[in-house]
Amino acid sequence: MKANISPQLCKGCLFCVRFCPKKIIEMGNVRNKKGHFTPFVADEAKCTACAVCATVCPEGAIEIIES
């Protein structure tokens, strides 16, 4: 399982970056169509699929999927 971040839905609020207990989500340097920088999971091997990122995302841009 892993966190899947949808760049199209993201508004760059950084909640996922701030609240990830493993600190493996980082802000990227690519902008989405809305003009926001979007995060990515920097180390997928360390992701425990705890879903904290998906829970705190106000846009519903993160889902936990089977890898």
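A cavity is a set of grid points where a 1.4 Å probe fits but cannot get out. The structure described here is a predicted model, and it holds two cavities of 30 Å³ or more.

## Cavities

The largest cavity has a volume of about 110 Å³. Its lining is made up of 15 residues, and those nearest the centre are Cys 20, Ile 24, Cys 47, Cys 50 and Cys 53. Sorted by class, this lining has 13 nonpolar residues, one polar and one charged.

The second largest cavity has a volume of about 90 Å³. Around its centre, the nearest of the 15 lining residues are Cys 10, Cys 13, Cys 16, Pro 39 and Cys 57. Here the lining divides into twelve nonpolar residues, one polar and two charged.

## Cysteines

Cysteines are named at the centre of the largest cavity and at that of the second largest. How many disulfides does the count come to? The count comes to zero disulfides, where a disulfide would need a pair of cysteine sulfur atoms within 2.5 Å.

Two cysteines illustrate this count. For Cys 53, the closest cysteine sulfur is that of Cys 50, at 6.2 Å, so the two are too far apart for a bond. For Cys 57, the closest cysteine sulfur belongs to Cys 13, and because the separation is 5.9 Å, this pair is also too far apart for a bond. Cys 53 and Cys 50 are both named among the residues nearest the centre of the largest cavity, while Cys 57 and Cys 13 are both named for the second largest.

Cys 53 has a relative accessible area of 8% and is therefore buried. Cys 57 counts as buried too, because its relative accessibility is 15% and the limit for a buried residue is under 20%.

## Nonpolar core

The largest nonpolar core has 13 residues. Which of its members touch the most other members? They are Ala 3, Ile 25, Val 41, Cys 53 and Ile 62. Cys 53 thus appears in this core as well as in the lining of the largest cavity.

Val 41 touches Ala 3, Ile 5, Ile 24 and Ile 25, with residues up to four places away in sequence not counted. Of these partners, Ala 3 and Ile 25 are named with Val 41 among the core members that touch the most others, and Ile 24 is one of the residues nearest the centre of the largest cavity.

## Loops and helix α2

The loop between β3 (37–41) and α2 (52–56) contains Ala 51, and Ala 49 lies in the loop between β3 and α2 as well. Most residues other than glycine have a negative phi. Ala 49 has a positive phi of about 60° although it is not a glycine. Ala 51, also not a glycine, has a positive phi of about 75°.

Ala 49 has a relative accessible area of 21%, so it is partly exposed. The value for Ala 51 is 23%, which means that this residue is partly exposed too.

Val 56 lies in helix α2. It counts as partly exposed because its relative accessibility is 25%. Outside its neighbours within four places in sequence, Val 56 is in contact with Phe 15, Cys 16 and Phe 19. Cys 16 is also one of the residues nearest the centre of the second largest cavity.

After the helix comes the loop between α2 and β4 (62–65), where Ala 61 is found. Is Ala 61 buried or exposed? Ala 61 counts as buried, because its relative accessibility is 4%. Leaving aside neighbours within four places in sequence, its contacts are Asn 4, Ile 5, Ser 6, Leu 9 and Cys 10.

Gly 35 belongs to the loop between β2 (25–31) and β3. With a relative accessible area of 30%, Gly 35 is partly exposed.

## Separations in sequence and space

The table gives C-alpha to C-alpha distances for residues described above.

| Pair | Separation in sequence | C-alpha distance |
|---|---|---|
| Ala 51 and Ile 64 | 13 residues | 6.5 Å |
| Ala 61 and Cys 10 | 51 residues | 5.5 Å |
| Val 56 and Cys 20 | 36 residues | 9.5 Å |
| Gly 35 and Lys 11 | 24 residues | 8.4 Å |

Cys 10, paired with Ala 61 in the table, is also one of the residues in contact with Ala 61. Cys 20, paired with Val 56, is named among the residues nearest the centre of the largest cavity.

How values were computed:
Residues are numbered from 1 along each chain as its sequence is written. This is a predicted model: local features need pLDDT of at least 70, side-chain atom pairs count only at pLDDT 80 or more; totals for chains, interfaces and linings use all residues. Side-chain values use heavy atoms; hydrogens and water are left out. On a 1 Å grid over the protein atoms alone, a cavity is a set of points where a 1.4 Å probe fits but cannot get out, and a pocket is an open set with protein on both sides within 12 Å along at least five of seven lines; lining residues have an atom within 4 Å of a point. Grid points are joined across faces, edges and corners, and a volume is the space filled by probe spheres set on the points. Ala, Val, Leu, Ile, Met, Phe, Trp, Tyr, Cys and Pro count as nonpolar, Asp, Glu, Lys and Arg as charged, and the others, Gly among them, as polar. A nonpolar core is a set of buried Ala, Val, Leu, Ile, Met, Phe, Trp, Tyr and Cys residues joined through side-chain atoms within 4.5 Å. Buried means under 20% relative accessible area, exposed over 50%, partly exposed in between (1.4 Å probe, protein chains only). Contact means heavy atoms within 4.5 Å. Helices (H or I, at least four residues) and strands (E, at least two) are DSSP runs, numbered from the N terminus.
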